Amino acid sequence: MAGVNNAEFCKRQKAGLVILGGFNADKEAMNAARKAVERGRREFIFEEPLEGIEREIKTIKGRKFAVNVRSSTLDGYLEVANLVESYGGILEINAHCRQPEFISAHCGEWLLFNLEELLKIVKEVSKVAITAVKIRGGHDLDYKAICEKIFKSGCRIVHLDAMIPNADCDFELIKRVSQLGFVIGNNSFVDLATGEKMILSGAKMASAARAVLKDPCFFEKMLKSDILSQPVELEL
Ligand SMILES: Cc1cc2nc3c(=O)[nH]c(=O)nc-3n(C[C@H](O)[C@H](O)[C@H](O)COP(=O)(O)O)c2cc1C
């Protein structure tokens, strides 16, 4: 959650994996963030993006972590990937954000609709770090074919916001994509039942954003479920 999920916030969450950010890796992505802030959105603004990201990583040290990144250039992803890898983390490419400032800067969901660009980035970043790609459902796209290509390009984790516009979670989509590889299921995980349904649909992990804003003890409560507290391993 941009502007929310920094290391201090994540440290308080009893989650198996915390995903910092989204952070902006290069000048254009940072300018997009500044414009988004001007119209009232929350974003992390660092004068020196890499230094800011490293400070956050150092603060979360000791936890399993990923860093959600937007960049308008391959170099931006690679710089953060090198950094994240040196601290044992996962680089999550944000192909999910749909705010117009980021789309104009060829970040976020622009990548989902420009798949060749996304695959190029995945291929290069995966040579450096364990790579996740965050995408959003709800579009008229062949998600299975897209995710197959993303995994084939070296991505190890698809973080799937299985949103259905004006509705809850598309568990069928989670089921289809989970057949291909390691999926973190996301969207409308708000209680034990929705989290368990995510895992029973094939996701290896379930992630939550808005529910944590409402209840700071959300994950602690979810760990009461045998299904949601099972250990999970990413095979290397
Ligand atoms: C305040 C806020 C900021 C968000 N920022 C990001 C972001 O920077 N990167 C990202 O991939 N998703 C971002 N998201 C999306 C969430 O991570 C999540 O995919 C979405 O809210 C659906 O999950 P939920 O139903 O658990 O909230 C943000 C969501 C919220 C509410």
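# Reading a predicted fold

Reader: Does Glu43 count as buried or exposed?

Author: Glu43 counts as buried, because 21 C-beta neighbours lie inside 10 Å. The cut-off that matters here is 20 or more other C-beta atoms within 10 Å. The model is predicted, and the count is computed from its atoms.

Reader: Where does Glu43 lie, and which residues does Glu43 touch?

Author: Glu43 sits in the loop that runs from α2 (27-38) to α3 (49-60). Leaving aside residues up to four places away in sequence, Glu43 touches Ala2, Gly3, Ala33, Ala36 and Val37. The pair with Ala2 shows how sequence and space can disagree: 41 residues apart in sequence, the two have their C-alpha atoms 4.9 Å apart.

Reader: Moving to the whole chain, how many helices and strands does the protein chain have, and what share of its residues is buried?

Author: The protein chain holds eleven helices and seven strands. Of its 236 residues, 45% are buried.

Reader: What does the radius of gyration say about the protein chain?

Author: The idea is to compare the value with what a compact globule of that length would have. For 236 residues that would be near 18 Å, and the protein chain has 16 Å, so the two agree. Along the principal axes, the C-alpha atoms fill a box of roughly 45 × 40 × 35 Å.

Reader: What share of the contacts joins residues at least 24 apart?

Author: Start from contacts between residues at least 6 apart in sequence; in the protein chain, 67% of these join residues at least 24 apart.

Reader: Next, helix packing. How do the axes of α3 and α4 cross?

Author: One reads the approach of the axes, then the angle, then the hand. The axes of α3 and α4 come within 11 Å and cross at roughly 25°. Angles under 35 degrees count as roughly parallel, and α3 and α4 are therefore roughly parallel to each other. Their crossing is right-handed.

Reader: Which residues of α3 and α4 meet?

Author: From α3 come Leu50, Ile53, Glu54 and Ile57, and these meet Glu79, Val80, Leu83 and Val84 of α4. Sorted by class, this contact of α3 with α4 has six nonpolar, no polar and two charged residues.

Reader: At what angle do the axes of α4 and α6 cross?

Author: Helix α4 (residues 74-86) and helix α6 (residues 115-126) have axes that come within 10 Å and cross at roughly 30°. α4 and α6 are therefore roughly parallel to each other, and the crossing in which α4 passes α6 is right-handed. On the α4 side the contact is made by Leu74, Tyr77, Leu78 and Ala81, and on the α6 side by Lys120, Ile121, Glu124 and Val125. The residues of this contact of α4 with α6 fall into six nonpolar, no polar and two charged.

Reader: How should the axes of α7 and α8 be read?

Author: The steps are as before. The axes of helix α7 (residues 143-152) and helix α8 (residues 171-178) come within 9 Å, crossing at roughly 40°. That angle makes α7 oblique to α8, and the crossing of α7 and α8 is right-handed. Tyr143, Lys144 and Cys147 of α7 meet Leu173, Arg176 and Val177 of α8. The residues in the contact of α7 with α8 divide into four nonpolar, no polar and two charged.

Reader: That leaves the backbone. What general expectation applies to phi and to peptide bonds?

Author: Most residues other than glycine have a negative phi, and most peptide bonds are trans. Exceptions deserve a look.

Reader: Which peptide bond is cis?

Author: The bond from Gly21 to Gly22 is cis, and its omega is near 5°. Gly22 belongs to strand β1 (residues 18-24).

Reader: What is the sign of phi at His106 and at Ser188?

Author: His106 is not a glycine, yet its phi is positive, about 60°. Ser188, also not a glycine, has a positive phi of about 60°. His106 is in the loop between α5 (100-104) and α6, whereas Ser188 is in the loop between β6 (182-186) and α9 (192-200).

Reader: Are they buried or partly exposed?

Author: His106 is partly exposed, because 17 other C-beta atoms lie within 10 Å. Ser188 has 22 C-beta neighbours inside 10 Å and so counts as buried.

Technical notes:
Residues numbered from 1 in each chain as written. Predicted model: local features only at pLDDT ≥ 70, side-chain atom pairs only at ≥ 80, totals over all residues. Axes fitted to C-alpha atoms, helices over the stretch in contact; angles between N-to-C directions. Helix = DSSP H or I, 4+ residues; strand = E, 2+ residues; numbered from the N terminus. Parallel < 35°, antiparallel > 145°, perpendicular 65-115°, else oblique. Left-handed = near helix turned anticlockwise from the far one by under 90°. Contact = placed C-beta atoms within 7 Å. Nonpolar A, V, L, I, M, F, W, Y, C, P; charged D, E, K, R; others polar. Rg over C-alpha atoms; globule rule 2.2 N^0.38 Å. Buried ≥ 20, exposed ≤ 12 C-beta atoms within 10 Å, placed from the backbone.
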